[in-house]
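Q: Could you take me through one part of this model up close? I'd like to see how a single helix sits among its surroundings.

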Amino acid sequence: MTDPVRIENLTVRYGRRSVACADVSLTVAPGTVYALLGRNGAGKSSLVRCLLGQQKPTAGRTLLFGGDSWTTRRAAMARTGATPEEPDAPAAMTARELSDFCGRLYPRWDAGAVDARLARFSVPPRAPFGRLSRGQKAQVMLALALGHSPELLVLDDPTLGLDAVARRALYDEIVGELADRGTTVFLTTHDLSGFEGIATRVGILREGRLALDEELERLKARFRRIRYANRLTETRTAFGTELDAFDAVRVQVRGWGIDAVVSNFDEAAFERFRGIDGVEDAAAEALPLEDIFLAVAGEEKGAKAS
């Protein structure tokens, strides 16, 4: 089966010096929910535009269902639904009129399903798009993106500007799509806690480069926060020998000892760590995706006193 999304050595430049993406490669297998994370300016939206055939890469290529996005966009979009970061449609058209318009473009258009989604979202079908709230506009975009039962759904920061109720409705709709049809989802997001229970694979862009790309469960298994007191702290650096086995990505020296985030946790190694001279009251705890993201894409690696 052809992978719905494949990105090969993608580079996007604006001018001579501004690089949005640099040599990014990743694959999204069928049925995957892939969450691409990154700080503002990390290159997420540039990557999505290239993936959807809206922008030509400076180098490399993006593929949808095995075809180059730039040269075979029309065929690929018949199997793809997408929502932009900024909801956009003619201000005077209603959601019902937008659905009717899209129905003339897609042979498999299901106007009834669109109406049902709008009803679940509590979006008035006859209100002009320009008068809807930002959250309602985003919900209209999602309903339209799903109107032709796409095999792939591409969402660019879909919860931006949505309140808690609207976000919950969006999660439910995506989960329903996954359960009913096994739709593949590729999304960028700042809402890490919301999508943590949905995503199966995670990528993190840092300054345009793919810093991490792996299954979410494996990622969460190897990242831990380790806290411990250390009688010998004053004679060791924050990234001292006792943490070498765990590949620490962030270490803070505090008054009571060490607070570290590590990326290569192992239970057996941790038991040995607890027996190191000077290490006292060592404890390890799992991290939510947001903390892992901050460790990978946040401040530069290094010790920080507090």
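A: What follows is a walk around helix H5, its neighbours, the core and the cavity beside it. Keep in mind that this is a predicted model.

Start with the helix itself. H5 covers residues 134–145. With 12 residues, H5 reaches 17 Å from its first C-alpha to its last, close to the 16 Å expected at 1.5 Å a residue. Of those 12 residues, 9 are buried, so H5 is largely enclosed by the rest of the structure. The buried ones are Gly135, Ala138 and then the run Gln139, Val140, Met141, Leu142, Ala143, Leu144 and Ala145.

Who does the enclosing? The buried residues of H5 pack against two strands, E6 (80–83) and E7 (152–156), and against the helices H3 (95–103), H4 (111–120) and H6 (164–181).

Leu144 makes a nice close-up. Leaving aside neighbours within four places in sequence, Leu144 is in contact with Leu98, Ser99 and Cys102, and also with Trp109 and Val114.

Now zoom out to the core. The largest nonpolar core holds 52 residues, and both Val140 and Leu144 belong to the group that touches the most other members, together with Leu37, Ile204, Leu219 and Phe223. H5 supplies the largest share of this core, 7 residues. Apart from it lies another core, this one of 25 residues, including Ile7, Ala20, Val24 and Leu205. As a general backdrop, nonpolar side chains in soluble globular proteins tend to be buried together.

There's some empty space to look at, too. The model has 2 cavities of 30 Å³ or more, and the largest cavity takes in about 80 Å³. Its lining is made of 13 residues, and the ones nearest the centre of this cavity are Thr83, Pro84, Ala138, Asp157 and Pro158. H5 turns up here as well, giving the largest share of the lining, 4 residues. By character, the lining of the largest cavity splits into 9 nonpolar, 1 polar and 3 charged residues. Ala138 is thus worth a second look: this residue is buried in H5 and is also among those nearest the centre of the largest cavity.

For contrast, go to the start of the chain. Met1 sits in the segment before strand E1 (5–14), and at 88% relative accessibility Met1 counts as exposed. Gln139, by comparison, is one of the buried residues of H5. The two are 138 residues apart along the chain, and their C-alpha atoms are separated by 31 Å.

Key: Residues are numbered from 1 along each chain as its sequence is written. This is a predicted model: local features need pLDDT of at least 70, side-chain atom pairs count only at pLDDT 80 or more; totals for chains, interfaces and linings use all residues. Side-chain values use heavy atoms; hydrogens and water are left out. A nonpolar core is a set of buried Ala, Val, Leu, Ile, Met, Phe, Trp, Tyr and Cys residues joined through side-chain atoms within 4.5 Å. Buried means under 20% relative accessible area, exposed over 50%, partly exposed in between (1.4 Å probe, protein chains only). Contact means heavy atoms within 4.5 Å. On a 1 Å grid over the protein atoms alone, a cavity is a set of points where a 1.4 Å probe fits but cannot get out, and a pocket is an open set with protein on both sides within 12 Å along at least five of seven lines; lining residues have an atom within 4 Å of a point. Grid points are joined across faces, edges and corners, and a volume is the space filled by probe spheres set on the points. Ala, Val, Leu, Ile, Met, Phe, Trp, Tyr, Cys and Pro count as nonpolar, Asp, Glu, Lys and Arg as charged, and the others, Gly among them, as polar. The expected span of a helix is 1.5 Å times one less than its number of residues.
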